[in-house]
Amino acid sequence: MWQLYRAVLRTGDHRLLGYVDAGPRLMEHARIGHHLVQGIERLLTEPARVTWAGRDAQQPRLGENLYRTAGSVAALRPPEHGAVGRYLLNHDLRIFVDKATVLENEARHRIHPLPLLTAEPTPDPGRTVGDRTLLGSWAHALISVRDTVPKGYEQRKFDLVERLS
């Protein structure tokens with residue numbers, strides 16, 4: 001089963017900034033190097049609250065279906081060109097993920113951590129191998145993408161790998 005997703009960005013105090021339609025089938029665009037995810041990364045040079053919101057979220061965390069609520073503001077146009085940072089920073093938890101350390105599966109695909117960390121509802125855990133507690137664990141968190149890590153931040157290992165069979 002699949003559902004539509006939107007990457008919803010909000011301010012630190014939860015006001016909607018906008019959204020980017022990510023489309024169906026989360027695992028198809030949740031790959032390092034995917035143009036859509038890189039565009040969203042370019043929007044995160046400044047911290048924003050990020051949720052990869054599913055249209056059919058059954059029990060939303062904040063009492064609303066964020067996918068539908070985001071439709072009340074204008075869609076964002078992510079930049080098509082420009083550098084993307086190496087590190088995903090969670091400013092609420094003071095942790096980071098190094099995209100360069102993400103493992104690849106036997107087809108040489110590497111999952112991009114941002115969509116899976118921020119997904120709501122969490123994707124089917126049967127599609128991945130690794131620490132499944134990571135799925136959705138950063139939804140609604142204040143996140144940025146940078147080339148450097150601030151002092152005092154700890155690394156979080158992202159070991160999820162897409163299962164092919």
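How many salt bridges does the structure hold? The structure holds 10 salt bridges, and several of them appear as stops on this tour. The model is a predicted one.

**First stop: strand 1 and its partners**

Select residues 4-10, which form strand 1. This strand is mostly covered, with six of its seven residues buried. Next, add residues 16-24, the run of strand 2. Strand 1 and strand 2 pair in the antiparallel sense, and seven bridges link them. To see how they line up, display Ala7, which stands opposite Val20 in strand 2.

Now follow the chain through the turn of this hairpin, where five residues lie between the strands. Select His14, which takes a positive phi near 75 degrees. Then display Asp13 and Arg15, which form a salt bridge whose closest N and O atoms are 3.2 Å apart. Is Arg15 buried or exposed? Arg15 counts as exposed because its relative accessibility is 53%, a value over the 50% cut-off. Asp13 is partly exposed, since its relative accessible area is 49%.

Return to strand 1 and add residues 48-54, which make up strand 3. Strand 1 and strand 3 run antiparallel and are joined by six bridges. Here the residue to display is Arg6, which stands opposite Ala53 in strand 3.

**Second stop: Thr51**

Select Thr51, which has its place in strand 3. Thr51 counts as buried because its relative accessibility is 0%. Which residues does Thr51 touch, not counting those up to four places away in sequence? Among them are Arg6, Ala7, Val8 and Arg10, and Arg6 and Ala7 were displayed at the previous stop. Thr51 also touches Leu66, Thr118, Glu120, Ala139 and His140.

**Third stop: the nonpolar cores**

Display the side chains of Leu44, Trp52, Leu114, Leu116, Trp138 and Phe158. These residues have the most contacts inside the largest nonpolar core, which has 32 residues. Elements that each supply at least two residues of this core include strand 1, strand 2, strand 3, helix 1 (26-29) and helix 2 (35-42). Strand 5 (95-98), helix 4 (113-117) and strand 8 (141-146) each do so as well.

A second, separate core has six residues. To find this core, select Tyr19, Leu66, Tyr67 and Ala70, which are included in it.

Centre the view on Trp138 next. Leaving aside its neighbours within four places in sequence, Trp138 is in contact with Val50, Leu88, Leu89, Asn90, Ile95, Phe96 and Val97. Its other contacts counted in this way are Leu117, Thr118 and Ile143.

**Fourth stop: strand 4**

Leu88, Leu89 and Asn90 lead to the next selection, residues 87-90, which form strand 4. In a regular strand the side chains alternate between the two faces of the sheet. In strand 4, Tyr87 and Leu89 lie on one side and Leu88 and Asn90 on the other, and all are buried, leaving both faces covered.

Add strand 5, which runs antiparallel to strand 4 and is joined to it by four bridges. Asn90 stands opposite Ile95 in strand 5. The two strands form a hairpin with four residues between them, and Arg94 in the turn has a positive phi of about 60 degrees.

Then add strand 8, which pairs with strand 4 in the antiparallel sense over four bridges. The bridge partner of Leu89 in strand 8 is Ser144.

**Fifth stop: helix 2 and its salt bridge**

Select helix 2, which is mostly covered, with six of its eight residues buried. The buried residues are Leu36, Val37, Gly39, Ile40, Glu41 and Arg42.

Keep Glu41 on display and add Lys99. Glu41 forms a salt bridge with Lys99, and the closest N and O atoms are 2.4 Å apart. Glu41 lies in helix 2 and Lys99 in the loop between strand 5 and helix 4, so the pair ties together parts that are 58 residues apart in sequence. Both Glu41 and Lys99 are buried.

**Last stop: further salt bridges**

Display Glu104 and Arg108, whose side chains meet in a salt bridge at 3.4 Å, N to O. Glu104 counts as partly exposed because its relative accessibility is 39%, whereas Arg108 counts as exposed at 63%. Finally, select Arg31, Arg127 and Glu162, which are joined into one network by salt bridges that share partners.

Conventions:
Residues numbered from 1 in each chain as written. Predicted model: local features only at pLDDT ≥ 70, side-chain atom pairs only at ≥ 80, totals over all residues. Heavy atoms only, no water. Buried < 20%, exposed > 50% of the residue type's maximum accessible area, 1.4 Å probe, protein only. Pairing = 2+ DSSP bridges. Core = buried A, V, L, I, M, F, W, Y, C linked by side-chain atoms within 4.5 Å. Contact = heavy atoms within 4.5 Å. Salt bridge = Lys/Arg side-chain N within 4 Å of Asp/Glu carboxyl O.
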